[in-house]
Amino acid sequence: MTADLLPELTARVRTAAHPHRPHSSTCACGASTLADRPDVTVVRHADTVAKAHAPHTATDELTLRLTTAVHHPDILLPPLAPTPADLPGGRLVTFWPYGTPVDPDAPEAAPWEAAATLLARLHLTPAPPALPPMRGPHKAARALTRLRAAVAGDHPAATPVLRAWTLLPAWARAEAPQPDTTTLCHGDLHLGQLVRHPAPDGPWRLIDVDDLGVGVPAWDLARPAAWYACGLLPPDEWARFLGAYRAAGGPAVPPDGDPWPALDVPARALTVQTAAQVIVKALAADRPLDEVERSVVDACVRMGHIPHIPRS
């Protein structure tokens with residue numbers, strides 16, 4: 001975010017947190033920046049959070065996504081207002097209640113069952129009319145675009161990643177419509193997308209509706225599936241997640257038996273997306289890939305030798 005927008009966002013969230021307090025009055029709450037990246041900035045003031053969305057975010061599409069969250073507060077954290085506001089420079093801002101995030105330093109307490117149950121309930125919820133497609137494949141395609149720009153030619157780690165990308169079906173590369181156009185999906189599920197609300201120990205809710213839309217529900221299971229396949233998620237945690245999703249009646253996979261025919265394409269796509277992101281990050285820092293990053297790239301190498309078999 002540009003330097004002039006961060007103070008503006010901080011002022012906006014202060015006003016939203018204290019709507020009846022004069023702007024000139026002192027405030028002891030303080031503000032904290034929860035995230036600051038080129039595509040998003042999130043600032044907290046007291047129990048209110050302001051999010052500046054990515055440049056060129058469509059107002060009508062974001063409004064539909066916000067409205068969906070308002071209508072399903074038992075699954076999605078609802079915004080404080082159903083429409084975004086404008087920031088200088090054309091960015092959109094939305095306001096949210098603060099929720100307690102997942103503790104990254106306590107992996108043994110990761111809420112896999114809660115995440116899976118919320119996903120299943122989301123996937124079983126009728127999608128509202130005119131909701132745009134789930135944006136997961138577009139995010140993956142954007143990661144590959146950034147990889148190509150970063151390597152600017154041959155690169156030993158990038159080569160198998162780019163090859164694995166070309167082996168995916170067109171819909172997973174955002175080059176064709178998704179085969180499911182009716183199921184309500186989150187679009188970017190990971191543990192950072194859950195908070196407890198009311199803080200600090202309320203029920204878990206899904207956050208971040210930027211990629212919410214209709215599409216292939218298996219995409220929402222793809223990141224933990226990919227981590228499991230890469231050896232980054234222990235089998236018992238994957239079993240807890242998958243078992244809870246099935247117990248809640250989630251439609252993305254069969255109720256029993258082998259889930260991988262449904263998960264294979266999305267899991268491959270998320271593996272390629274993650275590999276592209278870690279390579280770009282390592283190149284920017286001028287360092288080699290670490291062990292975890294290397295394992296994701298190695299998975300892309302294996303994928304190049306094991307073609308996807310379409311479901312009959």
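This report describes a predicted model, taking in turn a sheet, a helix that packs on it, a pair of helices and several loop residues.

## The five-stranded sheet

In this predicted model, an open sheet is built from 5 strands in the order E1-E2-E3-E5-E4, with antiparallel pairing. Its edges are formed by strand E1 (31-37) and strand E4 (85-86), each of which pairs on one side only. E1 is joined to strand E2 (residues 40-45) in the antiparallel sense over 6 bridges, and within this pairing Ala-31 stands opposite His-45 of E2.

Further along the order, E3 and E5 pair in the antiparallel sense over 5 bridges, and here Lys-51 has Thr-94 in E5 as its bridge partner. E5 also pairs with E4, again in the antiparallel sense, over 2 bridges, with Asp-86 having Leu-92 in E5 as its bridge partner. The hairpin of E4 and E5 has 5 residues between the strands, and in this hairpin Gly-89 takes a positive phi near 90°.

## The covered strand E5

Strand E5 (92-97) is mostly covered, since 6 of its 6 residues are buried. In a regular strand the side chains alternate between the two faces of the sheet. In E5, Leu-92, Thr-94 and Trp-96 lie on one side, and Val-93, Phe-95 and Pro-97 lie on the other; all of these residues are buried, and both faces of the strand are covered. Two of the residues on the first-named side have already been met as bridge partners, namely Thr-94, which is the partner of Lys-51, and Leu-92, which is the partner of Asp-86.

## Helix H1 and Arg-14

Helix H1 packs on the sheet, where it touches E1, E2, strand E3 (48-52), E4 and E5, and its direction makes about 40° with that of E2. This helix, which covers residues 5-17, contains Arg-14. Is Arg-14 buried or exposed? Its relative accessible area is 12%, which is under the 20% limit, and Arg-14 is therefore buried. The C-alpha atom of Arg-14 is separated by 29 Å from that of Asp-105, a residue 91 positions away along the chain.

## The packing of H6 and H7

Helix H6 (residues 222-229) packs with helix H7 (residues 235-247) at an angle of about 155°, and their axes are 10 Å apart. Because angles over 145 degrees are counted in this way, the two helices are roughly antiparallel to each other. Their crossing is left-handed. On the H6 side the contact is made by Pro-224, Ala-225 and Tyr-228, and on the H7 side by Pro-235, Trp-238 and Phe-241; by class, the contact has 6 nonpolar residues, with no polar and no charged ones.

## Backbone features in the loops

The loop between strand E8 (194-196) and strand E9 (204-206) holds Pro-198 as well as Pro-200. The peptide bond from His-197 to Pro-198 is cis, with omega near 0°, and the bond that joins Ala-199 and Pro-200 is also cis, with omega about 5°.

Positive phi values are found in residues other than glycine at Ala-174, where phi is about 60°, and at Asp-208, where it is near 70°. Ala-174 lies in the loop between helix H5 (158-166) and strand E7 (184-185), and at 26% relative accessibility it counts as partly exposed. Asp-208 is placed in the loop between E9 and strand E10 (213-214), and at 18% relative accessibility it counts as buried.

How values were computed: Residues numbered from 1 in each chain as written. Predicted model: local features only at pLDDT ≥ 70, side-chain atom pairs only at ≥ 80, totals over all residues. Heavy atoms only, no water. Axes fitted to C-alpha atoms, helices over the stretch in contact; angles between N-to-C directions. Helix = DSSP H or I, 4+ residues; strand = E, 2+ residues; numbered from the N terminus. Parallel < 35°, antiparallel > 145°, perpendicular 65-115°, else oblique. Left-handed = near helix turned anticlockwise from the far one by under 90°. Contact = heavy atoms within 4.5 Å. Nonpolar A, V, L, I, M, F, W, Y, C, P; charged D, E, K, R; others polar. Buried < 20%, exposed > 50% of the residue type's maximum accessible area, 1.4 Å probe, protein only. Pairing = 2+ DSSP bridges.
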